[in-house]
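Open the model in your viewer and keep the sequence panel in sight. The stops below are given in the order in which to select them.

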Amino acid sequence: MRNNKTHILILAVGLLLVSCVKESIYDTSHPTQGEVVVTADWSGISKDAVVPANYILSVNGVKQMVYGATNTFENLLDPNNYNLLVYNTPENVVIDGTTATINEKADGTLELFPGYLFSATKDLNVVQDNVLCVNMKMVQSIQTLVIVLRLNPGDDARVVSNNALLSGVANTIDLTTGKPNVLGLGKSAKPIFELKMVDDKGASSYPILTSDALHLAGFVSGVKQVLTLSVSLNNGTTQNIDTDLTLLLKDFGVNNNPMALYADLTLPSEGNVTGSISNWELIDNGNININ
């Protein structure tokens with residue numbers, strides 16, 4: 001009888017030890033798979049950009065829409081190597097695989113105001129019984145450009161209408177790098193210029209032609225970026241002025257700051273048959289405000 005009690009006690013202790021060992025073997029509730037938790041870091045975006053309300057986590061092409069800064073990928077993953085791509089889907093931009101393409105208008109020119117596009121990618125090594133926490137520094141792929149043309153006082157009354165075309169604009173973006181594809185001839189965009197009056201810090205005001213804030217991916221290399229401005233005047237004539245902006249735009253997108261180009265637009269006076277654009281200035285300070 002005593003031996004039986006001893007055997008029962010030993011068996012009970014053995015079962016308790018086995019139970020304790022089982023509880024301590026695994027660190028998660030998914031011992032044969034791994035979990036991925038992704039935090040999107042938006043700290044590097046420009047002052048004029050807005051963090052998207054939602055965005056996509058794509059692990060080896062399996063997509064999940066998420067909200068907020070930190071999210072858990074809904075599928076547990078077998079131990080293996082994976083690629084994580086994080087991106088948003090802004091308006092007037094089409095995503096196909098790892099390429100984003102800015103939409104075109106009916107006339108073949110680019111949409112001027114696509115939403116801001118962000119992306120980031122990272123290779124993951126998922127192991128079993130583990131939670132992999134990943135921080136993704138989001139790269140902004142679309143920046144802002146404003147073009148401001150100063151007029152001589154009174155010349156605003158001479159302007160009836162205007163049209164403009166900017167050539168050599170990139171229209172596709174590689175989401176894995178966040179950079180525009182700079183090969184090919186590129187596309188053209190049609191900046192819309194509006195007449196405004198600017199107060200010169202207490203001095204007399206002067207007129208300007210200012211473009212809307214263009215949202216651009218960048219510019220193609222090996223192709224000139226030419227601004228063609230056509231200005232119709234109240235005397236029935238039209239001034240067509242071409243300006244090469246290639247050098248001025250070479251650093252567009254290097255940082256996320258909005259870029260503004262200022263210049264003087266001189267309309268022809270009597271005796272002069274052509275107008276001109278001169279004295280170009282580049283302002284890249286992240287604080288553009290044309291009132």
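**Confidence first**

This is a predicted model. Colour the protein chain by pLDDT: the mean is 89, and 86% of the residues reach 70 or more. Next select residues 13–22, where pLDDT stays under 50. For residues 13–22 the model has zero contacts beyond four places in sequence.

**Strand β2 and its partners**

Select strand β2, residues 55–59. Is this strand mostly covered or mostly open? Mostly covered: five of its five residues are buried. Show the side chains to see both faces. Tyr 55, Leu 57 and Val 59 lie on one side, Ile 56 and Ser 58 on the other, and all are buried.

Add strand β3, residues 62–66, which runs antiparallel to β2 and is joined to it by five bridges. Val 59 stands opposite Val 62 of β3. Together β2 and β3 form a hairpin, with two residues between the strands. In that turn, pick Asn 60 and check its phi, which is positive at about 50°.

Now add strand β5, residues 80–87. Strands β2 and β5 also run antiparallel, here with four bridges. One place to look is Ser 58, whose bridge partner in β5 is Leu 85.

**Asn 88, after β5**

Move on to Asn 88, in the loop between β5 and β6 (93–96). Why does Asn 88 count as buried? Because its relative accessibility is 3%, and buried means under 20%.

Display the polar contacts of Asn 88. Its side chain reaches the backbone oxygen of Tyr 116 at 2.9 Å. A polar atom of the Asn 88 side chain also lies 2.7 Å from the backbone nitrogen of Phe 118. Leaving out residues up to four places away in sequence, Asn 88 touches Pro 52, Asn 54, Tyr 55, Ile 95, Tyr 116, Leu 117 and Phe 118. Tyr 55 was picked earlier, as a buried residue of β2.

**The nonpolar cores**

Finish with the largest nonpolar core, which has 64 residues. Within it, select Leu 84, Leu 145, Leu 149 and Leu 265, which touch the most other members. Strand β5 supplies the largest share of this core, five residues. Another core lies apart from it; this one has six residues, including Val 146, Val 148, Ile 208 and Ala 260.

Return to Leu 265 and show what surrounds it. Not counting residues up to four places away in sequence, Leu 265 touches Leu 149, Arg 150, Leu 151, Asn 152, Leu 209, Leu 229, Ile 241, Ser 276 and Ile 277.

Key:
Residues numbered from 1 in each chain as written. Predicted model: local features only at pLDDT ≥ 70, side-chain atom pairs only at ≥ 80, totals over all residues. Heavy atoms only, no water. Core = buried A, V, L, I, M, F, W, Y, C linked by side-chain atoms within 4.5 Å. Buried < 20%, exposed > 50% of the residue type's maximum accessible area, 1.4 Å probe, protein only. Contact = heavy atoms within 4.5 Å. Pairing = 2+ DSSP bridges. pLDDT = per-residue confidence, 0-100. Polar contact = N/O pair within 3.5 Å; in protein donor to acceptor, adjacent residues only side chain to side chain.
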